[in-house]
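Okay, thanks for having me, everyone. Let me put the sequence and the structure up on the screen, and then I'll walk you through a few things.

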Amino acid sequence: MNRKILCPSILNLPIENLAQEIRLLDAADIDIFHVDIMDGTFVPNFGMSLREMDLIRANTTKLIDCHMMVMQPHRHIEAIAAHGADIIYIHPESEICPSETLNQIRSLGKKAGLVLNPCTSLESIRDMLPIIDYLMVMGVNPGYAGRSFMEYLYPKFGRLREMRKDYGFKVVLDGGATREVIAKLYHEYDVEGFVLGKQELFFQEKPYADCVSFVRSI
């Protein structure tokens, strides 16, 4: 089995202590810092800004991914890349020509990621699989943090397991990542990446390092 790729969602952190919390997470054996950018239009919430990305980048040498929940993300890709993102995710519904935006990301030397909403079919993105490095599958509807994983999505992960055999991209779950969901997807569906939120990492009664160690053990 591949080592789990653990991605703490920075939106859970208090802004006033962001730098300190980033350093604590950095020391806790996490892999990728997960940043949500939301415009209030593509999803009904607002997320983090370039200012926070700068602060994260200044306090870690680890990878940063940026989940673009915005309309026409191609307008912001160069800025996101310049401010420290290593992996940039877009939603196919957010662009008229999403493959062009994926190529734009790769032309900047960054890893290209595509996001699959619960209501988006695998078949609709099949032709773009050769040009992505990561596929993030939403376990909840985007923009609604803290909701439970939609269990009717398990068959989609099963189809994805078969579909990805011809490609080299990694699969990441975003949303509803409880210990039960993580264990099932990792062991039964070969999902290697997990965006961690308040279910298993934040607001726990133990240090980040203990939480990360536990998630790696399940």
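I'll go through the sheet, then the salt bridges, then the aromatic rings. One thing to keep in mind throughout: this is a predicted model.

So, the sheet. Eight strands make an open sheet, and the pairing is parallel. If you want to trace the order on the screen, go β1-β8-β7-β6-β5-β4-β3-β2. Which strands stand at the edges? That would be β1, residues 5-8, and β2, residues 32-38. Each has a single partner strand, so one side of each is left without a neighbour in the sheet. From one strand to the next, the twist averages 25 degrees.

Let's zoom in on the β1 end. The partner there is strand β8, residues 193-196, running parallel to β1 and joined to it by four bridges. To find the spot, look for I5, which stands opposite G193 in β8.

Okay, salt bridges. The structure holds eleven of them, and I'd like to start with R216. Its side chain meets that of D29 in a salt bridge, at 2.9 Å, N to O. D29 lies in the loop between α1 (18-26) and β2, while R216 is in helix α7, residues 208-217, so this pair ties together parts that are 187 residues apart in sequence. R216 also meets D31 in a salt bridge, this time at 2.7 Å, N to O. Here again distant parts of the chain are linked, with D31 in the loop between α1 and β2, 185 residues from R216 in helix α7.

What about burial? R216 and D31 are both buried. D29 has 36% relative accessibility, so it counts as partly exposed. And there's another residue to bring in here: R3 is linked with D29, D31 and R216 in a network of salt bridges.

Now move over to E192, which forms a salt bridge with R164, the closest N and O atoms being 3.0 Å apart. Where do the two sit in the chain? E192 is in the loop between α6 (179-189) and β8, and R164 is in the loop between α5 (154-163) and β7 (170-174), 28 residues apart. Both ends are tucked away: E192 counts as buried at 5% relative accessibility, and R164 counts as buried at 13%.

Last topic, the rings. There are six aromatic pairs in the structure. One of them is Y89 with Y134, an edge-to-face pair at 6.2 Å centre to centre, with 65 degrees between the planes. Y89 lies in strand β4 (residues 87-90) and Y134 in strand β6 (residues 134-138), so the pair ties together parts 45 residues apart in sequence. Y89 is buried, with a relative accessible area of 1%, and Y134 counts as buried too, at 10% relative accessibility.

Then there's F149 with F157. Their ring centres are 6.3 Å apart and their planes are at 40 degrees, so this pair is tilted. Both F149 and F157 are buried, and together with Y154 and Y189 they form one aromatic cluster.

While you're looking at that cluster, find K184, which lies over the face of Y154, at 5.1 Å from the ring centre. Elsewhere on your screen, K206 lies over the face of F214, at 5.1 Å from the ring centre.

That's my tour, happy to take questions.

Notes: Residues are numbered from 1 along each chain as its sequence is written. This is a predicted model: local features need pLDDT of at least 70, side-chain atom pairs count only at pLDDT 80 or more; totals for chains, interfaces and linings use all residues. Side-chain values use heavy atoms; hydrogens and water are left out. Rings of Phe, Tyr and Trp (its six-membered ring) pair if their centres lie within 6.5 Å; planes under 30 degrees apart count as stacked, over 60 as edge-to-face and the rest as tilted. Buried means under 20% relative accessible area, exposed over 50%, partly exposed in between (1.4 Å probe, protein chains only). A charge sits over a ring if NZ of Lys or CZ of Arg is within 6 Å of the ring centre and within 35 degrees of the ring normal. Two strands pair if DSSP finds at least two bridges between them. Axes are lines fitted to C-alpha atoms, for helices over the stretch in contact, and angles run from 0 to 180 degrees between N-to-C directions. A salt bridge is a side-chain nitrogen of Lys or Arg within 4 Å of a carboxyl oxygen of Asp or Glu.
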